[in-house]
Amino acid sequence: MHAVASFHLAIFSTSRSLTSPAGWDHPALIERPLLRLFGGPGTGVLRLLKDQHLSHDKSTGHVKKRIVLHFPGFEPLDAVKHQARYKRSAVKTARLQDFDVQVGQVESEGPGRYFDVDSQGADWQTASRVYIFDHDEIVRRLNGRGTLHRMVAGYLSALRVVWEGGAFGYFRHAWRFGLFFLFPFLLVAIGVAGSVLIGTAPYWLALESSLVLSAIVAYLVFFKLFLPWSERWHTLHLFSDWELAVAVARLEKPYLKQWVEDSLASVRAALNEPADEYVISSHSMGSSIATQVIGALVEREPGLFAGKRIVFVTLGGAILQCALLRSAEVLRARVGAIARVKDIFWFDVQCLTDAINFYRCQVVALAGHGDAPQPPIVFIRLKHMLSPERYGRIKRDFLRVHRQYVLDADVRAPFDFTMMTAGPLPAASFANAA
């Protein structure tokens, strides 16, 4: 087990220097005198961004009303738990950035669930309505099955990923993501092999002891010792994650097709609400799911987006987790469709220390649309956003590091999820955070 732990650390603790790009090939970057616009007390939120450029068409002044459509990653959290986490982060961010924030309770409107966020500084006030498109029911269904069922389904999904060229694509474009793919299956395979050796020891060692007794010992070692120990790295949870990844790529499972159809009505209603801007944020697996939903609307109702300021932000985006599979033809087509909508400004937030993203990869080009506008990439460094103590606690937990995109920072940083979704600056301005 010590060897397995060392293998895990080697995969997810890579340390290298980070070089930010010189700029992005995106038009309409307009410098704004932010401090002059929002001077006086309560301007901590703006001080760090005083030299930042606002992008995407007619960004003038601060945002007074914002609609946020958030697609979270593969986590066992419903809308209420996502709201609670958002509130904790927002309160800490408001204290750090010197403004006031109020986060309301989760409300329901048809199939949609949302909560309101009211933020106020000395010279600005912003109201945001945050819709949560969680897939908690799907996560609970996948994780709620028997252990053997989950293991078999997970390995079958892994074989599909390999057969459809996904694994080759991972190692070709983002080798650490390839190791992330291998890790849970390799770890459990080691456990199974060890248990088989224990169970068959009387046979190949020519011992007198009973095979039945050794089989019982092998069972206890695997299910009562090895699997509980391995859950510190969320192994069976990752088995389910890969099962859903294949389902999102193929878009054949009835439960997923129904979830997408149900979400379309909520997205349509949210985009019809009056607002200064509309932010579609997605994290991890949520980026692939958001692409299926938003892409379907682009195909069916392109006029829905016309004349609106819409920002699509993929956080630790793992769209290529699904899009690199050969069967993901619909998903790849929708990636290109979204990229070509002139009223949608898309940018991708990536982090070197996060193994679960396709670092430095242009998702639109790799999805087969090299001629489409490419989302600018925003590189962040967790070491520069968190205190040394907090960073030290989380840096070896790869799923915890991966969640940091949507959590609060310890210092004023150019990128902050709360500020992007509840602050006064247009969300597109964070595409120039470096």
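**Exercise 1. The second largest cavity**

How many nonpolar, polar and charged residues are in the lining of the second largest cavity?

*Solution.* The model is predicted, and each step below refers to that model.

Step 1. List the lining. The residues around the second largest cavity are Thr314, Gly317, Ala318, Ile319, Leu320, Trp346, Asp348, Gln350, Phe358, Cys361 and Val363.

Step 2. Assign the elements. Helix H13 (319-323) and strand S10 (344-351) are the elements that give two or more residues to this lining. S10 provides the largest share, three residues.

Step 3. Sort by class. The lining has seven nonpolar, three polar and one charged residues. Gly counts as polar in this sorting.

Step 4. Add the volume. The second largest cavity has a volume of about 80 Å³.

**Exercise 2. The largest cavity**

State how many cavities of 30 Å³ or more the structure holds, then describe the largest cavity by its volume and its lining.

*Solution.* Step 1. Recall how empty space is found. Rolling a probe the size of a water molecule over the atoms shows where empty space is left.

Step 2. Give the count and the volume. There are five cavities of 30 Å³ or more, and the largest cavity contains about 120 Å³ of space.

Step 3. Name the lining. The largest cavity is lined by His70, Pro72, Gly73, Glu75, His82, Arg85, Tyr86, Val130, Ile132, His283, Val406 and Phe417.

Step 4. Assign the elements. At least two lining residues come from each of H4 and strand S7 (125-132). H4 has the largest share, with three residues.

Step 5. Sort by class. Six of the lining residues are nonpolar, four are polar and two are charged.

**Exercise 3. Two residues with positive phi**

Decide whether aspartate 98 and histidine 234 are buried, partly exposed or exposed, and say where each lies in the chain.

*Solution.* Step 1. Take aspartate 98. Its place is in the loop between helix H4 (79-97) and strand S4 (100-103). Aspartate 98 has a phi near 65°, a positive value in a residue other than glycine.

Step 2. Apply the cut-offs. Buried means under 20% relative accessible area and exposed means over 50%. Aspartate 98 has a relative accessible area of 42%, so this residue is partly exposed.

Step 3. Repeat for histidine 234. Histidine 234 lies in the loop between helix H9 (211-230) and helix H10 (235-250). The phi of histidine 234 is near 55°, also positive in a residue other than glycine. Its relative accessibility is 25%, so histidine 234 is partly exposed.

**Exercise 4. Two buried residues and their contacts**

Work out whether threonine 291 and cysteine 351 are buried or exposed, and list what each one touches.

*Solution.* Step 1. Place threonine 291. This residue lies in helix H12 (residues 285-300). Its relative accessible area is 0%, so threonine 291 is buried.

Step 2. List its contacts. Not counting residues up to four places away in sequence, threonine 291 touches Ala296, Phe312, Ile319, Leu331, Arg334, Val335 and Ile338.

Step 3. Compare sequence and space. Threonine 291 and threonine 314 are 23 residues apart in sequence and 9.8 Å apart in space, C-alpha to C-alpha.

Step 4. Place cysteine 351. Cysteine 351 lies in strand S10. Its relative accessibility is 2%, so cysteine 351 is buried.

Step 5. List its contacts. Cysteine 351 touches Arg176, Asn357, Tyr359, Ile380, Leu382 and Tyr405, not counting residues up to four places away in sequence. From C-alpha to C-alpha, cysteine 351 and valine 378 are 8.4 Å apart in space, with their positions 27 residues apart in sequence numbering.

**Exercise 5. The nonpolar cores and the whole chain**

Which residues have the most contacts inside the largest nonpolar core?

*Solution.* Step 1. Name the residues. The largest nonpolar core has 84 residues, and Phe71 and Phe305 have the most contacts inside it. H10 gives the most to this core, with ten residues.

Step 2. Look at phenylalanine 71. Leaving aside neighbours within four places in sequence, its contacts include Phe133, Trp259, Val267, Ile280 and Ile289.

Step 3. Set apart the second core. A separate core of 44 residues includes Ala79, Val349, Ile394 and Leu425.

Step 4. Turn to the whole chain. The protein chain has 18 helices and eleven strands. Of its 434 residues, 57% are buried. The chain exposes about 18300 Å², and carbon and sulfur atoms supply 58% of that area.

Methods:
Residues are numbered from 1 along each chain as its sequence is written. This is a predicted model: local features need pLDDT of at least 70, side-chain atom pairs count only at pLDDT 80 or more; totals for chains, interfaces and linings use all residues. Side-chain values use heavy atoms; hydrogens and water are left out. Helices (H or I, at least four residues) and strands (E, at least two) are DSSP runs, numbered from the N terminus. Buried means under 20% relative accessible area, exposed over 50%, partly exposed in between (1.4 Å probe, protein chains only). On a 1 Å grid over the protein atoms alone, a cavity is a set of points where a 1.4 Å probe fits but cannot get out, and a pocket is an open set with protein on both sides within 12 Å along at least five of seven lines; lining residues have an atom within 4 Å of a point. Grid points are joined across faces, edges and corners, and a volume is the space filled by probe spheres set on the points. Contact means heavy atoms within 4.5 Å. Accessible areas come from the Shrake-Rupley method with a 1.4 Å probe; for residues, only the protein chains shown count as cover. A nonpolar core is a set of buried Ala, Val, Leu, Ile, Met, Phe, Trp, Tyr and Cys residues joined through side-chain atoms within 4.5 Å.
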